[in-house]
Amino acid sequence: MSKVVPTQAFDGQKPGTSGLRKKVKVFQQTHYAENFIQSIFDSLDGFAGKTLVLGGDGRYYNPEVIQTAIRMAAANGFGRVLVGRGGLLSTPAASNVIRKYQAFGGIILSASHNQGGPEGDFGIKYNTGNGGPAPERITDAIFAHSQKITTYRITDTPDVDLNTLGKTSVESMTVEVIDPVADYAELMQQLFDFDAIRAMFQSGFRMRFDAMHAITGPYAHAILEGLLGAPAGTVVNGTPLPDFGGHHPDPNLVHAKELYDLMMSPDAPDFGAASDGDGDRNLIIGRNIFVTPSDSLALLAANAHLAKGYAKGLAGIARSMPTSAAADRVAERLGIKCFETPTGWKFFGNLLDANMATICGEESAGTGSNHVREKDGLWAVLLWLNILAVRGESMEAIVKAHWASYGRNYYTRHDYEEVDADGAKRLIQSLRDRFATLPGTHGIVAADDFSYLDPVDGSLTDSQGIRLMFGEGTRIVFRLSGTGTAGATLRVYIERYEAEPSRHGLDPQVALADLITLARNIASIQAHTGRVSPDVIT
Ligand code: VG1
Ligand code: CO
């Protein structure tokens, strides 16, 4: 039976860069998840009888909240729920399922690259019918509803068996358990030349894919080792675990260090890759060469026409503001536009829907295209494999040739994690207060706070990051993370363009050393955060 449960509003149910993320312990409070899910439904119109897609990255507390969401969808009048077997769907796979089955929208349970387990993080986000993260108009409405909620609707039906494919019902709503991998694998075969990649593996090409005990394990096993015939053992850490094996499912040089060390060793395979908790990020490393996500975006855009799904060329490229301008140079040569958006995939949706951009990317290891409306880790890996199969050159040769042709955008990001939130706010404010006086000092030509006017719907988003511009492709950007669950995380992004090939061989930390010091001093990072050095350098 469906019932109406009285509840009280919780503070702080404000979606961040990508959904609502909190400690598991916060989500485990009575009514907490229910309030947020009801606030999502209360922000939407016209879903009666329609389809909702449900899935998550399999982290701790996923099974409980999936069942809650099913009961609440039934009580709120959805006609059908499509849910991945075991309650699992990678974020890009969920986006695909929403689009393919023309669902009204979807709820994805994930805290992405954040740590899992009882002491870790949990998250919920809503995606609209285009398959993409809800735009700010909707996330603002969800937050507004969460602040005044007094009741939620739920059925008192027992748990649904999510381990068996097929249909059951919860009251008058159909629950259809689907294979989480099948539709996604089919889409990848439409985009990429699987025969060419298979032939490359047959001729001895070696790869390692680190699924980090997260959601991409089953996808990578099925696609890389199954359909593409890569040898067993190509995929490591391929079994999703609720706590990701105690590790941090963030494919960066700190948390995927083992992969990095292997790729730099004499016995390195040809290609190394990893993905994050919910499968939307990608880390790409060639033998002896780490490819920064910003460079990877530029290289994928420059070579995408080699894959059948992009043979007709690109309509445009889009990148988040802190992402390096390497992609802008590719766009310029292709004669297409490059859009600069705020951080977070939700800002790419309109550009993709309007066919103004085909490929999008972020410096945080996210790349994707118009095939779905999320960034897509395995997609990036497969596009790279397709390019390698067609060009028949090493990653290192391809990357160095790209730099020689376009110039190199030296790039690094320094993260100061879980610092005091007030100190971090003061740091940003103190930079803002100096917009008028900074230009003319230290070679700074302009200083501002990035704002974005969406060219499709005219919405304006401000305060998206402090930019210190030095001219000729050199800049320092400061912003605070919107995905953390404790304190504040300060991200400092540093970039310098170098046209001269004889100067392309430096370690970015060396090439950018003067700017790194300047960033530290100009923002008084130590004074505001108490930190002498960053926790993570990428
Ligand atoms: C981070 C990244 C951003 C990304 C977001 C979600 O956000 O910087 O580029 O879109 O995570 O990615 P923030 O606000 O912490 O900088 V995921 O894979 O965590 O959904
Ligand atoms: Co993610």
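This passage walks through selected strands, helices, buried residues and empty spaces of one predicted model.

The model is predicted, with local features requiring pLDDT of at least 70 and side-chain atom pairs counting only at pLDDT 80 or more, while totals for chains, interfaces and linings use all residues. Residues are numbered from 1 along each chain as its sequence is written, chains are lettered from A and ligands numbered from 1 in the order in which they are written, and side-chain values use heavy atoms, with hydrogens and water left out.

A good place to begin is an open sheet of 4 strands, ordered β16-β15-β17-β18 and mixed in its pairing. Here helices (H or I, at least four residues) and strands (E, at least two) are DSSP runs numbered from the N terminus, and two strands pair if DSSP finds at least two bridges between them. The edges are held by β16 (337-341) and β18 (366-369); each has a single partner strand, so one side of each is left without a neighbour in the sheet. On average, and with direction ignored, neighbouring strands of this sheet are turned by 15° against each other. Such angles run from 0 to 180 degrees between N-to-C directions, with axes fitted as lines to C-alpha atoms, for helices over the stretch in contact. Strands β15 (residues 316-320) and β17 (residues 359-362) are parallel partners, joined over 3 bridges, and Ala-318 is found opposite Cys-360 in β17.

Helix α10 (residues 293-303) packs on this sheet and touches β15, β17 and β18, its direction making about 170° with that of β17. Contact is taken as heavy atoms within 4.5 Å. How many of the residues of α10 are buried? The count is 11 of the 11, so the helix is largely enclosed by the rest of the structure. Buried stands for under 20% relative accessible area, exposed for over 50% and partly exposed for what lies in between, with a 1.4 Å probe and protein chains only. The buried residues of α10 include Pro-293, Asp-295, Leu-299 and Asn-303.

A second helix, α6 (residues 182-191), has Asp-183, Tyr-184, Ala-185, Leu-187, Met-188 and Leu-191 as its buried residues. Their cover includes α4 (91-100), β9 (173-178), α7 (194-202), α8 (216-227) and α13.

Strand β12 (residues 271-274) is covered on both faces, with Phe-271 and Ala-273 buried on one side and Gly-272 and Ala-274 buried on the other. In a regular strand the side chains alternate between the two faces of the sheet. Strand β10 (residues 207-210) runs parallel to β12 and is joined to it by 4 bridges, with Met-207 having Phe-271 as its bridge partner. Strand β13 (residues 283-286) runs antiparallel to β12, again with 4 bridges, and there Phe-271 stands opposite Gly-286.

Two polar residues in loops are also worth a look. Lys-375 sits in the loop between β18 and α13 (377-391) and, at 10% relative accessibility, counts as buried. Its side chain makes a polar contact of 3.4 Å with that of Asp-280. A polar contact is a pair of N or O atoms within 3.5 Å; within protein, one must be able to donate a hydrogen and the other to accept it, and residues adjacent in sequence count only if both atoms are side-chain atoms. Not counting residues up to four places away in sequence, Lys-375 touches residues including Pro-92, Trp-345 and Glu-362. Asn-114, in the loop between β5 (105-109) and β6 (121-128), is buried with a relative accessible area of 6%. The side chains of Asn-114 and His-113 make a polar contact of 3.4 Å.

Finally, there are the empty spaces. On a 1 Å grid over the protein atoms alone, a cavity is a set of points where a 1.4 Å probe fits but cannot get out, and a pocket is an open set with protein on both sides within 12 Å along at least five of seven lines; lining residues have an atom within 4 Å of a point. Grid points are joined across faces, edges and corners, and a volume is the space filled by probe spheres set on the points. The largest pocket holds about 1,000 Å³ of space. Its lining has 37 residues, with Gly-16, Thr-17, Leu-480, Ser-481 and Gly-482 nearest the centre. The count of cavities of 30 Å³ or more is 5, and the largest cavity has a volume of about 180 Å³. This largest cavity is lined by 15 residues, and Asn-252, Pro-293, Glu-363, Ser-364 and Thr-538 are the closest to its centre.
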